[in-house]
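User: Please take a close look at the aromatic rings in this model. I'd also like a sense of what sits around them, with the cut-offs spelled out as you go.

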Amino acid sequence: MKKLSSFCTCTFTNCALHPQNHDNGCSLCISKNLKNEEIPNCFFNMVDGFDNRSGYKFKDFAESVLNKLLECEGVHNDDKFNRNKF
């Protein structure tokens, strides 16, 4: 793709599905992720500390977002009482 969308945050440019490597935009990546029940890398990029994720599944993304919320609230990740309020 000659010109990426300004919102593209994916840094995996070596991936064959990255929009800069073909002319189909995000469609190929999104299709692959939907088939595998995964969240695209660009969504993880929106969560600080995304490098610490355990995978790309919906659960992994939810945990990344929850951990960020808990961090912002000053709650330790293993504090199950406060964790349940989210």
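Analyst: Let's start with a term we'll lean on: a contact means heavy atoms within 4.5 Å. This is a predicted model, so local features need pLDDT of at least 70 and side-chain atom pairs count only at pLDDT 80 or more, while totals for chains, interfaces and linings use all residues. Numbering runs from 1 along each chain as its sequence is written, and side-chain values use heavy atoms, with hydrogens and water left out.

First, the overall layout. The protein chain has four helices and zero strands, where helices (H or I, at least four residues) and strands (E, at least two) are DSSP runs numbered from the N terminus. Read from that end, the elements go α-α-α-α. Of the 86 residues in the chain, 24% are buried; that label means under 20% relative accessible area, with exposed over 50% and partly exposed in between (1.4 Å probe, protein chains only). Among contacts in the chain with a separation of 6 or more, 14% are between residues 24 or more positions apart.

Now the rings. A pair of aromatic rings is described by the distance of the centres and the angle of the planes. Here, rings of Phe, Tyr and Trp (its six-membered ring) pair if their centres lie within 6.5 Å, and planes under 30 degrees apart are stacked, over 60 edge-to-face and the rest tilted. That rule gives three aromatic pairs. In one of them, Phe43 and Phe61 have ring centres 6.2 Å apart and planes at 70°, so they meet edge-to-face. Phe43 sits in helix H2 (residues 41-44) and Phe61 in helix H3 (residues 58-73), so this pair ties together parts 18 residues apart in sequence. Phe43 counts as partly exposed, with a relative accessibility of 39%.

Phe61 also pairs with Phe44: their centres are 5.3 Å apart and the planes stand at 85°, so this one is edge-to-face as well. The Phe44–Phe61 pair again links distant parts of the chain, H2 and H3, over 17 residues. Both Phe44 and Phe61 are buried. Add Tyr56 and you have the whole group: Phe43, Phe44, Tyr56 and Phe61 form one aromatic cluster.

Staying with H3 for a moment, Lys59 also lies in that helix, and with a relative accessible area of 54% it is exposed. Its C-alpha is 9.3 Å from that of Ile39, 20 residues away in sequence. Ile39 turns up again with Asn33, a residue of helix H1 (residues 27-35). Asn33 is buried at 3% relative accessible area, and, leaving aside neighbours within four places in sequence, Asn33 contacts Glu38, Ile39 and Pro40.

Pro40 leads us to the largest pocket. A pocket is found on a 1 Å grid over the protein atoms alone, as an open set of points where a 1.4 Å probe fits, with protein on both sides within 12 Å along at least five of seven lines; lining residues have an atom within 4 Å of a point. The largest pocket holds about 350 Å³, a volume being the space filled by probe spheres set on the points, which are joined across faces, edges and corners. Its lining has 21 residues, with Cys10, Cys29, Pro40, Asn41 and Cys42 nearest the centre. H1 and H2 are the elements that give two or more residues to that lining, and H1 has the largest share, at four. By type, the lining splits into 15 nonpolar, four polar and two charged, where Ala, Val, Leu, Ile, Met, Phe, Trp, Tyr, Cys and Pro are nonpolar, Asp, Glu, Lys and Arg charged, and the others, Gly among them, polar.

What about those cysteines? A search of the whole structure turns up zero disulfides, a disulfide being a pair of cysteine sulfur atoms within 2.5 Å. For Cys26, the nearest cysteine sulfur is that of Cys8, 5.9 Å away. The sulfur of Cys29 is 6.3 Å from its closest counterpart, in Cys15, too far for a bond. Both cysteines are partly exposed, Cys26 at 34% and Cys29 at 22%.

Last stop is Leu28 in H1, partly exposed at 34%. Not counting residues up to four places away in sequence, Leu28 touches Leu17 and His22. The C-alpha atoms of Leu28 and His18 are 8.2 Å apart, with their positions ten residues apart along the chain.
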